[in-house]
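Colleague: I would like to learn how to read a model of this kind, feature by feature, and I would be glad if you gave me the general idea before each case.

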Amino acid sequence: MDRYARWNALLELLTESGRVTVEEASERLDVSQATIRRDFDQLAQQQMITRTRGGAVANGVSYDLPLRYKSAKHSAEKQRIGEAAARLVTPGTVVGLNGGTTITEVARALAVRPDLNAGGEGSQLTVVTNALNIANELLLRSRMKIVVAGGVVRPQSFEVVGPLGGALLKEVTLDIVLLGVDALDVELGAASHHEGEASMNSLMVARAKRVVVIADSSKLGGHAFARICPITKVETLVTDSGAPPSVLAAFREAGVDVITA
């Protein structure tokens with residue numbers, strides 16, 4: 001296990017329990033206690049945890065880990081979801097993408113589709129995004145037209161938030177938005193941990209003809225701080241096969257087309 005995967009695992013342990021000792025973490029991750037102590041010290045220096053005598057406790061922002069530390073979680077499922085979601089996009093359309101690890105996989109899948117990168121008249125894809133890492137993925141790997149909303153960048157997610165980006169989104173029309181969320185519930189709708197991201201995502205939903213939520217099964221049935229949109233706005237859900245059948249049935253009963261990857 002490399003350092004970043006180990007840090008991710010430690011942060012997940014702290015998110016679950018709120019507190020963990022060096023000895024407990026060493027046993028769970030099967031590494032030496034000296035390694036765990038160094039990891040705790042380095043994470044504390046980045047203000048991601050609080051060091052205690054013999055262990056560490058979670059900071060109040062532990063639910064909103066930086067993107068680079070979340071990338072290993074459910075990675076295989078997210079790749080399959082990304083490929084399935086990319087198949088919903090047709091050449092020559094305008095696509096909205098927000099941020100997050102699952103949407104990163106969507107962007108990578110879009111970038112390698114030859115029909116979206118042929119460059120012929122009417123076939124070029126236009127992508128509107130408020131996430132700098134998504135724009136970077138597509139600029140480096142495709143010939144698509146990339147439109148990036150302006151504003152203030154959140155280092156946790158690389159998403160741009162604020163009124164500057166909102167002004168741009170109000171002036172465009174999206175054929176489809178592929179929306180990553182922190183939670184999706186039949187009653188509560190789609191939600192994000194951060195109110196600024198939720199506001200930008202809500203604008204994308206309002207400007208889109210079709211709304212597709214991209215979420216691995218761990219996000220389903222949960223809740224987050226700020227609502228993006230009600231379930232009635234969601235046409236399609238793309239998730240993984242680990243979702244309980246009863247949960248998927250509830251979404252289908254609510255009128256959502258469910259695709260499992």
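**Reading helix packing and burial**

Modeller: Let us begin with a pair of helices, for which one reads the separation of the axes together with the angle between them: in this predicted model, helix α5 (residues 75-86) and α6 pack with their axes 7 Å apart and at an angle of about 50 degrees. Since that angle falls neither under 35 degrees nor within 65 to 115 degrees, α5 is oblique to α6.

Colleague: What is the hand of the crossing where α5 passes α6, and which residues of α5 and α6 meet?

Modeller: The crossing of α5 with α6 is right-handed. On the α5 side the residues are K78, Q79, I81, G82, E83, A85 and A86, and they meet T101, T102, E105, V106, A109 and L110 in α6. Sorted by class, the residues of this contact comprise six nonpolar, four polar and three charged.

Colleague: At what angle do helix α6 (residues 101-111) and helix α7 (residues 132-141) pack, and how far apart are their axes?

Modeller: The angle between α6 and α7 is about 15 degrees, and their axes are 9 Å apart. Because angles under 35 degrees count as roughly parallel, α6 is described as roughly parallel to α7. The hand is read separately from the angle class, and α6 and α7 cross in a right-handed sense. From α6 the contact draws on I103, T104, A107, R108 and A111, and from α7 on N133, I134, E137, L138 and R141. By class, that contact of α6 with α7 has five nonpolar, two polar and three charged residues.

Colleague: How should I read the crossing of helix α1 (residues 3-17) and helix α2 (residues 22-29)?

Modeller: Their axes come within 11 Å and cross at roughly 125 degrees, an angle that lies over 115 but is not over 145, and α1 and α2 are therefore oblique to each other. The α1 and α2 crossing is right-handed. The residues R6, A9, L10, L13 and E16 in α1 meet A25, R28 and L29 in α2. In this contact of α1 with α2 there are five nonpolar and three charged residues, with no polar ones.

Colleague: Is I36 buried or exposed, and what does I36 touch beyond its sequence neighbours?

Modeller: Burial is read from relative accessibility, with under 20% as the cut-off; I36, which is placed in helix α3 (residues 33-45), has 0% and therefore counts as buried. Not counting residues up to four places away in sequence, I36 touches L10, V22, A25, S26, L29 and V31; of these, L10 belongs to the α1 side of the contact with α2, and A25 and L29 to the α2 side. The C-alpha atoms of I36 and T21, 15 residues apart along the chain, are separated by 9.4 Å.

Colleague: Is D39, a charged residue, buried or exposed?

Modeller: D39, which also lies in helix α3, counts as buried because its relative accessibility is 2%. Leaving aside neighbours within four places in sequence, D39 is in contact with R3, R6, W7 and L10.

Colleague: Where is D30 placed, and what is its phi?

Modeller: Most residues other than glycine have a negative phi. In the loop between α2 and α3, D30 has a positive phi of about 60 degrees although it is not a glycine. With a relative accessible area of 70%, D30 is exposed.

Colleague: Which residues are in contact with A183, leaving aside neighbours within four places in sequence?

Modeller: A183, found in strand β10 (residues 183-185), is in contact with G189, A190, A191, K219, G222, H223 and A224. A183 counts as buried, as its relative accessibility is 2%.

Colleague: How many helices and strands does the protein have, and what is its radius of gyration?

Modeller: The protein has ten helices and 15 strands. For 261 residues a compact globule would have a radius of gyration near 18 Å, and the 19 Å of the protein agrees with that. Buried residues make up 50% of the 261 residues, and among contacts with a separation of 6 or more, 67% are between residues 24 or more positions apart.

Key
Residues numbered from 1 in each chain as written. Predicted model: local features only at pLDDT ≥ 70, side-chain atom pairs only at ≥ 80, totals over all residues. Heavy atoms only, no water. Axes fitted to C-alpha atoms, helices over the stretch in contact; angles between N-to-C directions. Helix = DSSP H or I, 4+ residues; strand = E, 2+ residues; numbered from the N terminus. Left-handed = near helix turned anticlockwise from the far one by under 90°. Contact = heavy atoms within 4.5 Å. Nonpolar A, V, L, I, M, F, W, Y, C, P; charged D, E, K, R; others polar. Rg over C-alpha atoms; globule rule 2.2 N^0.38 Å. Buried < 20%, exposed > 50% of the residue type's maximum accessible area, 1.4 Å probe, protein only.
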